[in-house]
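Me: Could you help me read a two-chain model, feature by feature? I would like the general idea each time, and then the case at hand.

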Amino acid sequence: MTIFKEIKQKPLEYFTLLLIFIIGGILFFVFSFDSHSQRRIIYLISGAYLSWSLYHHYRRGDLDVSIIIEYLIMVLLGIIVISSTLL
Amino acid sequence: MKNFLSVWFIPQPKNNYRALLLHPSFLGLFIALYLLNQSLIKSFTIARPGVLGYSSEITDQKVFIQTNSERQKLGLSGLSYNSTLSASATKKAEDMFKNDYWAHSSPTGRTPWDFFKEVGYRYSVAGENLAKDFYDTESMMQAWMKSTTHRKNILDTRYQEIGIGVVNGVLNGVKTTLVVQHFGTPVNAVISHEKPPSDTAVVSQNVQVLSEISAPQISPVAISKTVGIIMFIFIIGVLLIDGYITLKNRTNRMTGSSAGHVGFLLIILLLLLFTRQGSIF
């Protein structure tokens, strides 16, 4: 599957994902300088992305352990990098 | 060499139609490398204190003036400076450094009100604002004024006095400046009209600290941020190359959603790029 093909095939799913990112991004800036809340927002964005991926691959019929691990690592990478800048 | 590199970036049968750098094991390696970078920063901070950290030009006098300036903008009366309240604010900041925490209540259960009592300030109403990692007083005040709860404390007409603690130290392994504002109205309603601290007075109290502040410092967060940004741009680039080649070759494969990954990494990258230094509580 390619990026554009994927989006064209499941526009609603990707719109939901975009909404998660936009809302998360806005909340992050609303809570500027509040590292406690910002950390919680990152956990929420990551959790929502993980849930979205499970639903997305379940619907696609290719939900597999290797795919779950890939998402977990991606989410972990995001959390670790952002958290280290929010002392 | 070309073949060797292509396996890392271009999906092909040799890498199971997914750029090798995007395989979970290699993504895990990015995490390991980033954590190693963090450990090195932390170790360096401990081994060479004062080299990595935040340089701050915040003084209690500037905080006092700007707090009253915010009140005066709204036609409110200014707060009187109280050295007892400043002592409680300083004690609170020192306690946060000593017990390595960043919150209104300490891990041992001490609340802000315990510090008021400790210095003998009896209040009818009191409040606390906290800030750390800010370079200048202006941006710190802006951050407080943008937050509903902190703004409420600064503009609260029930408060008549203020005390400020600006203390430098090491929190979570990083050298930083903690600013504590303690607001209050004494229970006996006798307001002290002490002179606010001058910059000279601060220098005489914190000669050692100020000399450290004047030394050029590199923010450890800036290093972490830069490494994170470079890493994310690199991974997004590889994801796009991988996606483009897959599109060109019309390959079907069982992997995570490239669009999802690019979106997630992009949002994290944007947050990294636009977050501003400093934190309030």
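Reply: Happy to; we will go through confidence, the sheet, the contact between chains and the cores. This is a predicted model, where local features need pLDDT of at least 70, side-chain atom pairs count only at pLDDT 80 or more, and totals for chains, interfaces and linings use all residues. Residues are numbered from 1 along each chain as its sequence is written, with chains lettered from A and ligands numbered from 1 in the order in which they are written.

Me: Which element of chain A has the lowest mean pLDDT, and which the highest?
Reply: pLDDT is the predictor's confidence in each residue, from 0 to 100. Where it is low, the predicted coordinates should not be read in detail. Chain A has a mean of 89, with 94% of its residues at 70 or more. Among its elements (helices are DSSP runs of H or I of at least four residues, strands are runs of E of at least two, numbered from the N terminus), helix H1 (residues 3-9) is lowest at 72 and H4(A) highest at 93.

Me: In what order do the strands of the chain B sheet lie?
Reply: Strands of a sheet pair through backbone hydrogen bonds, either parallel or antiparallel. Here a pair requires at least two DSSP bridges. In chain B, 5 strands make an open, mixed sheet in the order S1-S3-S4-S2-S5. Strand S1 (80-81) and S5 of chain B are at the edges with a single partner strand each, so one side of each has no neighbour in the sheet. Strands S2 (residues 123-132) and S4 (residues 174-186) of chain B run antiparallel, joined by 9 bridges; B:Gly127, for instance, has B:Phe183 in S4(B) as its bridge partner.

Me: How many residues of each chain are in contact with the other?
Reply: Contact means that C-beta atoms, placed from the backbone, lie within 7 Å. By that criterion, 44 residues of chain B meet 40 residues of chain A. H11(B) gives the most to chain B's side, with 12 residues.

Me: Which residues have the most contacts inside the largest nonpolar core?
Reply: A nonpolar core is a set of buried Ala, Val, Leu, Ile, Met, Phe, Trp, Tyr and Cys residues joined through C-beta atoms within 7 Å; buried means 20 or more other C-beta atoms within 10 Å of the residue's own. The largest one has 35 residues, and A:Ile45, A:Met74 and B:Ile268 have the most contacts inside it. H4(A) provides the largest share of this core, 8 residues. A:Met74 touches B:Leu27, B:His261 and B:Phe264, not counting residues up to four places away in sequence.

Technical notes
Two residues are in contact if their C-beta atoms, placed from the backbone, lie within 7 Å. A residue is buried if 20 or more other C-beta atoms lie within 10 Å of its own, exposed if 12 or fewer, and partly exposed in between; C-beta atoms are placed from the backbone.
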